[in-house]
Amino acid sequence: MAVDCKPLTIYGKDMVSFTVDDREVIGLWEGDDVITVERQTDLGTPMTGADGSTIVSFTSDQSALLTVKLQANSAANTYFEKWVKARRMGSTRLLRVAVRDTATGEGGGCTSAVIIKEPSKSWGGTATEREWQIFCNCWQENDITYNPAA
C-alpha cells in the first residue's frame with residue numbers, strides 16, 4: 001500500500017540572506033524576529049457611507065520599516081555607525097538593503113534606505129543585541145511562485 005506523503009520543507013535562519021550595499025551581514029542576533037519588515041500603512045482603508053455604499057481607498061505608500069537585530073560584535077554595527085556619523089555631517093548617501101529566503105525566494109529590497117534609529121548600547125556580563133531601524137521608501141517584494149506540489 002502506497003503512503004501519500006506530503007512534501008517536506010525545511011527552514012533555517014542560515015537560509016536567509018540579509019545584505020546592505022551588496023555586502024552580506026554577518027553576526028545577526030538570535031530569536032524569531034531578527035529581521036522584520038513592516039509596511040508603514042495598510043494597503044487599503046474601507047469606508048461605508050450612510051447609505052451603505054462602500055469604497056476602499058488604496059494607498060500609494062510603498063514604504064516599509066526594516067528592523068534588524070545584530071550581535072554586539074557584528075561588523076555591520078561599525079558600517080552603520082560610520083553611515084550615521086556621515087549623515088550627521090551632511091551626507092545624503094542612501095543604503096541598498098535586501099532580505100531573501102534562499103529556499104522560497106521570499107523577501108524584498110530597497111535601493112534608497114536610511115537608518116532612522118540607532119540601537120541602545122549596554123555593556124555587562126553578557127552581550128546584548130543592537131537593534132537598528134532602517135526606513136525604506138519603496139520596499140519591493142521579491143517575485144515568488146507558489147507551488148504547493150514542490
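The protein exposes about 10,500 Å², and carbon and sulfur atoms supply 53% of that area. The figures reported here come from a predicted model. Of its 150 residues, 31% count as buried. The radius of gyration is 20 Å, whereas a compact globule of 150 residues would have a value near 15 Å. Along the principal axes, the C-alpha atoms fill a box of roughly 60 × 50 × 30 Å.

Turning to secondary structure, the protein contains 10 strands and one helix. Read from the N terminus, the order of elements is β-β-β-β-β-β-α-β-β-β-β, with the helix placed after β6. Contacts reach well along the chain: among those with a separation of 6 or more, 64% join residues 24 or more positions apart. As for charge, there are 20 negative and 15 positive side chains, and the centres of these two sets lie 11 Å apart.

The loop between β1 and β2 offers a pleasant place to look more closely. β1 covers residues 16-20 and β2 covers residues 23-24, with D21 in the loop between them. D22 lies in this loop too. Each of these aspartates has a positive phi, a value noted here in a residue other than glycine: phi is near 50° for D21 and near 65° for D22. Their surroundings can be set side by side through accessibility. D21 has a relative accessibility of 9% and therefore counts as buried, since the cut-off for burial is under 20%. D22, at 62% relative accessibility, counts as exposed, because that class begins over 50%. The loop thus holds one buried aspartate, D21, and one exposed aspartate, D22.

A second loop, between β5 (54-58) and β6 (64-70), contains S63. With a relative accessible area of 6%, S63 is buried, because this value falls under the 20% limit. Within reach of its side chain is that of D61, and the two side chains are joined by a polar contact of 2.6 Å. Leaving aside residues up to four places away in sequence, S63 touches R39, Q40, F135, C136, N137 and C138. The partners of S63 thus include R39 and Q40, which precede it in the numbering, and the run from F135 to C138, which follows it. Taken together, S63 is a buried residue in the loop that leads into β6, with a side-chain polar contact to D61 and further contacts to residues including R39 and N137.

Terms used:
Residues numbered from 1 in each chain as written. Predicted model: local features only at pLDDT ≥ 70, side-chain atom pairs only at ≥ 80, totals over all residues. Heavy atoms only, no water. Helix = DSSP H or I, 4+ residues; strand = E, 2+ residues; numbered from the N terminus. Buried < 20%, exposed > 50% of the residue type's maximum accessible area, 1.4 Å probe, protein only. Polar contact = N/O pair within 3.5 Å; in protein donor to acceptor, adjacent residues only side chain to side chain. Contact = heavy atoms within 4.5 Å. Rg over C-alpha atoms; globule rule 2.2 N^0.38 Å. Areas by Shrake-Rupley, 256 points an atom, 1.4 Å probe, with all protein chains shown as cover. Lys, Arg positive; Asp, Glu negative; His and termini not counted. Charge placed at Lys NZ, Arg CZ, Asp CG, Glu CD.
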